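The following paragraphs are intended to be read beside the sequence and the structure. They take the two chains in turn and end where the chains meet.

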Amino acid sequence: MNVLLDYLPEFRAGFLGTLAITAASAVIALVLGVLIAGFRVSPIPPLRAFGTAWVTLLRNTPLTLLFLIAFFVVPKILFQGASPFVLGMLALGLYTSSFVCEAIRSGISTVPVGQAEAARSIGLSFTQTLRLIVLPQATRTVLPPLSSIFIALTKNSAVAGAFSVTELFGYAKLLSDKGYAIAVIFLWVALAYLLITFAISGVFRLLERRMGVAR
Amino acid sequence: MSEVSVTKNDGGPAPTGDPLVVLDNVNKHFGALHVLQDIDLTIHRGEVVVVIGPSGSGKSTLCRTINRLETVDTGSITIDGRPLPQEGRELARLRADVGMVFQSFNLFAHKTVLENVMLGQLKVRRKDRNTAAEKARELLDRVGVGTQADKYPAQLSGGQQQRVAIARALAMDPKVMLFDEPTSALDPEMINEVLDVMQQLARDGMTMVVVTHEMGFARSAANRVVFMADGRIIEQAEPNQFFTNPRSDRAKDFLSKILHH
């Protein structure tokens, strides 16, 4: 039982590491996801094809494989000398962006076609129509799936621990390798993950409630 | 059918302007269906053209091709001498000059009435907020919904929403206004408030293309009635002549069905 108190600083470092890589990947996933969703509904065929390829490739590849590529192939071509954190963040962010893209695209298709037609008929460009009219109205439907995606992202960040990124799961493994009882270690780890995932659900519930009133 | 008997163009301008919208030999298919067949139509500046005909005759499609919400297969469409460009910035600019009013209003649901009327002025015409708001309020007053400016579209009646939609289109200072069955989704008691606004617009000399089932409006406000059936323009005439003495059998048949029941 002492392992929990003796190694508190390690657990804290792991918690902060998980939090950091989750937050950084979430930002990447959100930005890229919105952009790629825009590509997928664009009137320009090459952009649509690119968007489809992006989603197909990233969504259907096991995350561990993406990590292997990020750590052993990518540094040979670009990002030489990038830290494990950056490489892990890229792998997680890109992987999750494909799911975010699809959630957003499903939101876009819930907005009535007439909204986009009206926007274009007053002379807004495609990008303006998406940004000013369609996406704001899609947000509300997109929130629940996005919340699930970010919770999944939090838990997926554990994979990064196996690739020497400082995070919760990596420390858990380190301590159990030292011979401490694994069940006890997992208590802190589970609590830490719950802390993050509950926070995410809370934030999204708040957003949903706010959007509900705004309409 | 609301029969409004008003003498046409109470002192309004006669349609003597130059050609503004020209459709030349336009054809369009939806799969196997030939929705527009060899359409030739010229709309002059200041003219009010009402397009009528049975459902599925292609009149809505015709209306939507004019600002390229529908593309055409062959033939050409020019507005003010310029052919419709491909999708892109130039088309967006041209659409800003062509006002469109939809059957289902299509007001931006997440924006207030005032924001709806301001949006195009701000983002397309690049006006400053004060000028845009001032113009928006003026237009909302003109269509009689000035007091609703800060509400959301869902809080308005259908007739009010459609009048806001007209104000939104007018805010762009369009050269021509397209109306795609503007009263078909309205409760009967709200139809006249929308038609009144359109009558006023017609009197003010706006160039209008109106797809409608309102024969009263066609009689009183139109300079010309275009009768379509099965994707073709069957007959064009001055409204009095068309309603009292249609030339084609198809038009006689159509009128006998709608006017006597």
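The structure is a predicted model. A convenient point of entry is the UniProt record for chain A, an unreviewed entry, which lists residues 15-39, 60-79 and 180-207 under "transmembrane region". In the model, the stretch from 15 to 39 of chain A is 100% helix and 0% strand, and 36 Å separate its end C-alpha atoms. The stretch from 60 to 79 of chain A is 70% helix and 0% strand, with 24 Å between the C-alpha atoms at its ends. The unreviewed UniProt entry also places a longer feature on this chain, "domain: ABC transmembrane type-1", at residues 15-204. That span of chain A is 83% helix and 0% strand, and its end C-alpha atoms are 21 Å apart.

The helical character of these spans is matched by the chain as a whole. Chain A has 11 helices and 0 strands, and its pattern along the sequence is accordingly written as α-α-α-α-α-α-α-α-α-α-α. Along the principal axes, the C-alpha atoms of chain A fill a box of roughly 70 × 45 × 25 Å.

How are individual helices of this chain placed against one another? Two packed helices are described by the angle between their axes and the distance between the axes. Helix H2 of chain A, residues 8-40, serves as the reference here, and helix H3 of chain A, residues 45-59, is its partner in one such pair. Their axes come within 7 Å and cross at roughly 130 degrees. H2(A) and H3(A) are therefore oblique to each other, and their crossing is left-handed. On the side of H2(A), the contact is made by Ile36(A), Phe39(A) and Arg40(A). H3(A) contributes Leu47(A), Arg48(A), Phe50(A), Gly51(A), Thr52(A), Trp54(A) and Val55(A). By character, the residues of this contact divide into 6 nonpolar, 2 polar and 2 charged.

H2(A) also packs against helix H10 of chain A, residues 168-177, at an angle of about 150 degrees and with the axes 7 Å apart. Because angles over 145 degrees count as roughly antiparallel, H2(A) and H10(A) are described as roughly antiparallel to each other. In this pair, Glu10(A), Phe11(A), Gly14(A), Phe15(A), Gly17(A) and Thr18(A) of H2(A) meet Leu168(A), Gly170(A) and Tyr171(A) of H10(A). The residues of the contact comprise 4 nonpolar, 4 polar and 1 charged.

Attention now passes to chain B. The unreviewed UniProt entry assigns the annotation "domain: ABC transporter" to residues 21-255 of chain B. This span is 38% helix and 26% strand, and the C-alpha atoms at its ends lie 27 Å apart.

Within chain B, 6 strands form an open sheet with mixed pairing, in the order E6-E7-E8-E3-E9-E10. Its edge strands are E6 (98-101) and E10 (232-237) of chain B, each of which pairs on one side only. From one strand to the next, the twist averages 20 degrees. Strands of a sheet pair through backbone hydrogen bonds, either parallel or antiparallel. The parallel sense is seen where strand E3 (residues 48-52) of chain B pairs with strand E8 (residues 207-211) of chain B over 4 bridges. In this pair, Val48(B) stands opposite Met208(B).

The antiparallel sense is seen in strand E9 (residues 224-229) of chain B, which is joined to E10(B) by 5 bridges. One of the facing pairs consists of Phe227(B) and its bridge partner in E10(B), Glu235(B). E9(B) and E10(B) form a hairpin with 2 residues between them, and in the turn Asp230(B) has a positive phi of about 50 degrees. Elsewhere on the sheet, helix H5 (residues 158-170) of chain B lies across E6 and strand E7 (176-180) of chain B, and H5(B) runs at about 170 degrees to E6(B).

The last step is the meeting of the two chains, where 20 residues of chain B are in contact with 17 residues of chain A. Helix H2 (89-96) and helix H3 (113-123) of chain B each supply at least two residues to the side of chain B that touches chain A. The largest share of that side, 5 residues, comes from H2(B). The residues on this side of chain B divide into 9 nonpolar, 5 polar and 6 charged.

Notes
Residues are numbered from 1 along each chain as its sequence is written. Chains are lettered from A and ligands numbered from 1 in the order in which they are written. This is a predicted model: local features need pLDDT of at least 70, side-chain atom pairs count only at pLDDT 80 or more; totals for chains, interfaces and linings use all residues. Two strands pair if DSSP finds at least two bridges between them. Axes are lines fitted to C-alpha atoms, for helices over the stretch in contact, and angles run from 0 to 180 degrees between N-to-C directions. Two residues are in contact if their C-beta atoms, placed from the backbone, lie within 7 Å. UniProt positions are given in the numbering used here, feature names are shortened, and annotations may be inferred rather than shown by experiment. Ala, Val, Leu, Ile, Met, Phe, Trp, Tyr, Cys and Pro count as nonpolar, Asp, Glu, Lys and Arg as charged, and the others, Gly among them, as polar. Angles under 35 degrees count as roughly parallel, over 145 as roughly antiparallel, 65 to 115 as roughly perpendicular and the rest as oblique. A crossing is left-handed if the near helix is turned anticlockwise from the far one by less than a right angle, and right-handed if clockwise.
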